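Please look at the ligand and at the open spaces in this structure. The paragraphs below take them in turn.

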Amino acid sequence: MDFIGRDILSTEDLTREDIMAIMKVTGEMEDRAKKERVFSLLSDRLVAIIFLEPSTRTRLSFVAAVHRLGAKPVIVADAKSSSAQKGESLADMARTVEGYVDCICIRQPKTGGAQEVADAVQIPVINGGDGSGQHPTQALLDLYTIQKEKGTVEGLKVAMLGDLKYGRTVHSLSYVLKDFQPEYLFCSPDELKMPEHIITDMEKKGIKCTQTSRLEEALDADILYMTRIQRERFDDPAEYERLKGSYVLNKEQVEKGRDGILVMHPLPRVDEIALDVDTLPNAAYFRQAHNGVFLRMALIAMVLGKA
Ligand code: NCD
C-alpha cells in the first residue's frame with residue numbers, strides 16, 4: 001500500500017492494512033515528537049492549510065504537525081479572508097493553490113467538496129471535514145486513541161451518541177472501525193439518526209447495528225463516543241433549539257456504565273458532557289485531541305513520501 005501522492009478524503013476506502021500502516025507511523029511520530037519536539041523531515045515542503053469553516057483542534061493540530069515536521073504551512077484561517085467570499089469555486093481555488101504548495105489540507109462546508117478539490121489537482125489532498133460528509137483524520141486519531149487507551153481496536157462495542165445525521169466524525173468513525181469486528185449502538189433523537197446508507201454498509205460487513213434514543217443503553221459499551229448537535233447544519237433554527245439539549249452525560253452515569261467505559265468526544269463540547277465527567281480516568285477527550293498532532297504528522301509525511 002503506497003501512500004505517496006494519495007488523497008485522504010474518506011475512511012470508506014481505507015483497508016485494514018492502510019489503517020495499520022497509518023497507526024504504526026503515528027506511533028513513530030509520537031515517539032519522535034516527544035524526544036525531538038521539531039525535526040527536519042520535510043524541511044523542503046510547503047503545506048496549505050485551508051479552513052473555510054470554524055476550527056480550533058483540526059486547524060491548529062495540522063499547523064503544529066507541519067511545523068513539527070520541519071515543513072512550512074501556508075494558511076487560510078477563515079472563509080472571509082479568501083476568494084471563496086467572492087464566489088470562487090473550490091476547483092479554481094485548488095488549481096491556484098497547487099502552484100504554491102506540495103499538499104493541501106482543507107476544511108469546507110460542502111459535502112463532497114474535498115473530492116472536488118482532489119479532482120482539480122495532482123498534489124495530495126487531505127480532507128479536514130467536508131460539511132456533514134466525512135472527517136477522516138478525526139476518525140483515524142480516534143482509532144489511535146482507542147488503541148492507546150484500550151490496548152486493542154478489535155471486537156469493541158462502540159456507542160455513538162448525539163447528532164449522527166449531520167456529524168461527520170461518526171460517519172468516518174463507523175467506516176474506520178469496520179474491519180475490526182465492532183458492534184455498534186447508534187443513539188440519537190429520531191430526527192438525527194445515522195444515515196441509512198451507512199447502516200446498510202455496516203450490515204453488509206456483518207456488523208451488528210442497534211439504534212436507540214436512550215442514553216442509558218449507550219452506557220453498556222466499551223467506547224462511548226459523544227457528539228455535539230451540529231447547529232450550523234440545521235435549515236430550521238427552531239428544530240435545533242428543540243433538539244439541542246437532547247443528551248447530557250454526567251459522572252454518575254459514567255460510573256454506572258460498563259467497566260472501563262472510555263468516554264470520547266471530537267470536541268468542541270457544548271453541554272453534552274457535564275464538567276464533572278472530566279475528572280474521571282474514563283474521560284479521554286483531551287488526550288484524544290492531543291493525539292491529533294501525531295496522526296496528522298503521519299498522514300502528511302506519508303502522502304509526501306517521507307514517512
Ligand atoms: C468536529 C468537526 O468539526 O466535525 N470537530 C473536530 O474536528 N474536532 C466535531 C464538531 O464540530 O462537533
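What follows goes from the ligand to its pocket and then to a second pocket.

The model is predicted. Start with the ligand. Which residues surround the ligand? The shell consists of Thr58, Arg107, His135, Gln138, Arg168, Thr169, Arg228, Gln230, Pro266, Leu267 and Pro268. By class, three of these shell residues are nonpolar, five are polar and three are charged. The arginines Arg107, Arg168 and Arg228 belong to this shell. So do Pro266, Leu267 and Pro268.

Now look at individual atom pairs. Oxygen atoms of the ligand come up against side-chain N or O atoms of the protein. For His135, the distance from a ligand oxygen to a side-chain N or O atom is 2.7 Å. For Gln230, the corresponding distance is 2.8 Å. For Thr58, it is 2.9 Å. With a cut-off of 3.5 Å, each of these pairs counts as a polar contact. How much of the ligand's accessible area does the protein cover? On its own, the ligand has 320 Å² of accessible area, and the protein covers 94% of this.

Next, step back to the space itself. The ligand takes up the largest pocket. The volume of this pocket is about 670 Å³. Its lining has 35 residues. Arg57, Thr58, Pro266, Leu267 and Pro268 are the ones nearest the centre. Thr58 thus appears again: it lines the pocket, and its side chain has an N or O atom 2.9 Å from a ligand oxygen. Pro266, Leu267 and Pro268 also recur, as members of the ligand shell.

Which elements build this lining? Two or more residues each come from helix H1 (16-36), helix H2 (57-68), helix H5 (136-150), helix H6 (168-176) and helix H11 (285-303). H11 gives the largest share, seven residues. The lining of the largest pocket divides into eleven nonpolar, 13 polar and eleven charged residues.

Finally, turn to the second largest pocket. This pocket has a volume of about 180 Å³. It is lined by 14 residues. Nearest its centre lie Ile50, Val76, Met93, Val97 and Tyr100. Strand E1 (46-51), strand E2 (72-76) and helix H3 (90-97) supply at least two lining residues each. What is the make-up of this lining? Ten of its residues are nonpolar, three are polar and one is charged.

Definitions and conventions: Residues numbered from 1 in each chain as written. Predicted model: local features only at pLDDT ≥ 70, side-chain atom pairs only at ≥ 80, totals over all residues. Heavy atoms only, no water. Near = heavy atom within 4 Å. Polar contact = N/O pair within 3.5 Å; in protein donor to acceptor, adjacent residues only side chain to side chain. Areas by Shrake-Rupley, 256 points an atom, 1.4 Å probe, with all protein chains shown as cover. 1 Å grid on protein atoms, 1.4 Å probe; cavity = no way out; pocket = protein on both sides within 12 Å on 5 of 7 lines; lining within 4 Å. Sits in = over half its atoms within 2 Å of the grid points. Nonpolar A, V, L, I, M, F, W, Y, C, P; charged D, E, K, R; others polar. Points joined across faces, edges and corners; volume = space filled by probe spheres on them. Helix = DSSP H or I, 4+ residues; strand = E, 2+ residues; numbered from the N terminus.
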